[in-house]
Amino acid sequence: MKVDVAVIGAGVIGTYIARELARYNLNIVIIEKENDVANGTTKANSAIIHAGYDAKTGSLKAKTNVLGNRLQEELCRELEVPFERIGSFVVAFNDEEVEILKKLEEQGNNNGVPGLKILNQAELREMEPNLSEEVVAALYAPTAGIIGPFELAIALAENAADNGVEILLNSKVTSIDKSNNKYIIKAGSHKIETKYVINCAGLYADEINNMVNRPYFEIVPNRGQYHLFDKTAGDFVNKVVFQCPTKAGKGVLVLPTVHGNVLIGPTAENTGNKEANETTTEGFTFLREKAEKVVKSFPYYKVITSFSGLRAKTPTGDFIIEEVQESRGFINVAAIDSPGLSAAPAIGNYAIDILKTSAGAFEENKSFNPKRKAFKPFTELSMEEKQQLIDQDPRYGRVICRCEQITEGEIVDVIKRKAGALTLDAVKRRARAGMGRCQGGFCGPRVMEIIARELNIDITDVVKDGIDSYILTGATKTIYDDTENLAAATKED
Ligand SMILES: Cc1cc2nc3c(=O)[nH]c(=O)nc-3n(C[C@H](O)[C@H](O)[C@H](O)COP(=O)(O)OP(=O)(O)OC[C@H]3O[C@@H](n4cnc5c(N)ncnc54)[C@H](O)[C@@H]3O)c2cc1C
C-alpha cells in the first residue's frame with residue numbers, strides 16, 4: 001500500500017490528526033495494533049477537559065491545554081460527542097494549601113485560563129453541598145469540563161473514515177525502514193510505503209521512534225486506578241473536585257461523568273511495565289482514604305466497576321511534538337500524558353503545522369465533511385420517534401441491555417458503522433450496552449450473538465476486548481448419539 005501520511009496509533013491524538021489531515025487531498029492511513037480504535041490510554045482516564053492552570057507557564061502542556069480546552073466545544077458539536085463545561089474545584093484543607101491555590105491561580109492567569117477565582121467555605125458549600133466541612137477554600141475554574149473520552153476518539157475515527165482515511169486494525173508496527181525520502185512500515189500483514197510518518201503510539205512511542213531514529217526519549221508507564229459508581233450516586237458532586245496537587249500528580253479527584261455516574265481516582269504508580277493495567281487492593285484503599293477526606297459519607301456499595309489506565313510519561317515532564325532532526329517527515333507526538341485529552345485538538349494542530357512546514361502546503365479537500373452523526377440513544381427519543389423507528393426496523397423494539405435500556409437496533413447500528421464495533425467492549429464503548437449496573441452480566445451473551453450474526457463469524461470467535469480475549473472456548477455439555485453403547489451398557493447391568 002502507498003500513502004502520503006501514515007499515522008501510527010488510533011488513540012485520541014492519532015484519530016484527531018488523521019481526521020484533520022483529511023481536510024487535504026492526501027492518502028492517509030491510521031495503523032493500530034489493537035482490534036479497535038481508542039483501545040490504549042484514551043479508553044481509561046479521568047475524562048476531564050482541564051482548564052489549564054496545572055502546567056508550568058510556557059510549556060507545551062500549558063499552551064496546548066488552554067487552547068485545546070477552547071477548541072473542544074466546537075469539535076464536540078461537529079462530531080456529536082458528549083461534553084459539558086461543568087467547572088472544577090481544587091480544594092484546600094488548611095492555610096498551607098490555600099497558598100498552593102494562590103500559586104495555581106497565578107500560574108493559571110499566566111497561562112491564559114479565564115475566570116479563575118478562589119472561593120471561601122460558604123461560597124463553596126453553596127455550589128457543592130456534599131463537600132467535607134474540613135474544606136476551607138477552593139480554586140474555581142469555570143472552563144473545566146467533562147467529556148466522553150473514547151467517544152471522542154471513536155467519533156474522530158468515524159469521521160476520518162467517512163472522509164477517506166483508511167484504518168488498519170490488528171496491525172502492530174514491527175519495523176520502519178527509511179530510504180530515499182520515504183518510509184516502509186511493516187505492520188501485521190501490511191507493508192506500507194509513505195512519505196510522512198506521525199508517531200502517536202502512546203506508551204510505545206519511544207519504541208516506534210527507535211525503529212528509525214536515535215533513542216532520545218523514554219516513555220515511563222504510570223498507572224492510575226479508578227472506581228466507577230452507579231448512576232444513583234450521580235448527583236453526589238456537581239463539579240470536578242480535585243485535591244491540591246502533589247509531586248505525584250493532580251491528586252485523587254471526584255467527579256460526575258457525562259453519562260451521570262460518579263468517578264473517583266486516579267492513583268499514580270510507576271509500574272515499570274507498559275501492560276500493567278490491573279487494579280489492586282492497595283490502590284482501592286488509597287482511593288477510599290483520599291475520597292473520604294473530601295466528600296462526606298461516600299456510598300461505596302454503589303461501585304459498579306473498577307479499572308486502570310497507564311500514563312505515557314517522560315522524565316522531562318513535557319509533551320514531545322517535533323519533527324526528528326535526522327528524519328525529515330517523521331514527526332513524534334509523544335509523551336502525551338495528562339492533559340493530553342484536553343489538549344488533543346491543539347496538540348494535533350501543532351503537529352500538522354510542523355508537517356506543513358516540512359512538506360509544504362497541501363491542496364484542500366473540497367469535499368471534506370466535518371460533521372458526524374452520533375447514534376441517538378433510543379431512550380432519549382419521543383414516543384412518536386420511537387414508534388417510527390420500530391416501524392422501520394423492529395430491532396429497535398427489542399431491549400438487549402436492561403440496565404442502560406439499549407436496543408438491538410442501536411447495537412447493530414454501531415457494528416455497521418465505518419470504524420464500527422468488532423468486539424463486546426467495542427459495542428459497550430459505542431452503544432453503552434454493558435455499561436450499567438450489571439456490567440454486561442445479562443446482556444453480554446445476547447450482544448455476542450448479535451456481533452457474530454452481523455459480522456458473519458462464529459460466536460466462539462467473538463472476543464471481549466483485546467486480541468485473543470476469547471470468551472467462549474467450546475461447549476460445556478455435548479449431546480451425541482451413543483444409543484448403541486448405552487444399550488450394551490444397560491444389558492450388562
Ligand atoms: C489515569 C489517567 C488519567 C488521565 N486523565 C486525563 C484527564 O482527565 N484529562 C486529560 O486531558 N488527560 C488525561 N489523561 C491523559 C490522556 O488520557 C492521554 O493524554 C491521551 O489519552 C493520550 O492519547 P494518545 O492517542 O496519545 O495515546 P493512546 O490512547 O494510548 O493511543 C496510542 C495508540 O497507539 C497504539 N500503538 C502502540 N504501539 C503500536 C504499534 N507498534 N503499532 C500500532 N499501534 C500501536 C496503541 O494500541 C494505542 O491505541 C489521563 C491518563 C491516565 C492514564
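**Reading the ligand shell and helix H11**

Analyst: In this predicted model, domain 1 (1-82 + 145-218 + 314-374) and domain 2 (88-142 + 220-310) each give at least three residues to the shell around the ligand.

User: Which elements supply at least two residues of that shell each?

Analyst: Helix H1 (12-21), strand E13 (220-229), strand E18 (303-313) and helix H8 (340-359) each do.

User: How do I read the shell itself? Which residues come nearest to the ligand?

Analyst: Start with the residues around the ligand, 38 here. Glu32, Thr42, Ile48, Ile336 and Ser342 come nearest. Then sort by character: 17 are nonpolar, 15 polar and six charged.

User: Where are the polar contacts with oxygen atoms of the ligand?

Analyst: A polar contact is a pair of N or O atoms within 3.5 Å. Glu32 places a polar side-chain atom 2.6 Å from a ligand oxygen. Backbone atoms take part too. A backbone N or O atom of Pro339 lies 3.3 Å from an oxygen atom of the ligand. For a polar backbone atom of Ala47, the distance to a ligand oxygen is 3.5 Å.

User: How much of the ligand's accessible area does the protein cover?

Analyst: On its own, the ligand has 1000 Å² of accessible area, and the protein covers 97% of that.

User: Now helix H11. Why is H11 largely enclosed by the rest of the structure?

Analyst: Buried means under 20% relative accessible area. Eight of the eight residues of H11 (residues 424-431) are buried, so the helix is largely enclosed. Among them are Asp425, Lys428, Arg429 and Arg430.

User: What covers the buried residues of H11?

Analyst: The cover includes helix H5 (149-162), strand E22 (406-407), helix H10 (408-416) and helix H12 (444-455). Just after H11, check the backbone: Arg432 has a positive phi of about 70°.

Notes:
Residues numbered from 1 in each chain as written. Predicted model: local features only at pLDDT ≥ 70, side-chain atom pairs only at ≥ 80, totals over all residues. Heavy atoms only, no water. Near = heavy atom within 4 Å. Polar contact = N/O pair within 3.5 Å; in protein donor to acceptor, adjacent residues only side chain to side chain. Areas by Shrake-Rupley, 256 points an atom, 1.4 Å probe, with all protein chains shown as cover. Helix = DSSP H or I, 4+ residues; strand = E, 2+ residues; numbered from the N terminus. Nonpolar A, V, L, I, M, F, W, Y, C, P; charged D, E, K, R; others polar. Domains from an automatic or database assignment. Buried < 20%, exposed > 50% of the residue type's maximum accessible area, 1.4 Å probe, protein only. Contact = heavy atoms within 4.5 Å.
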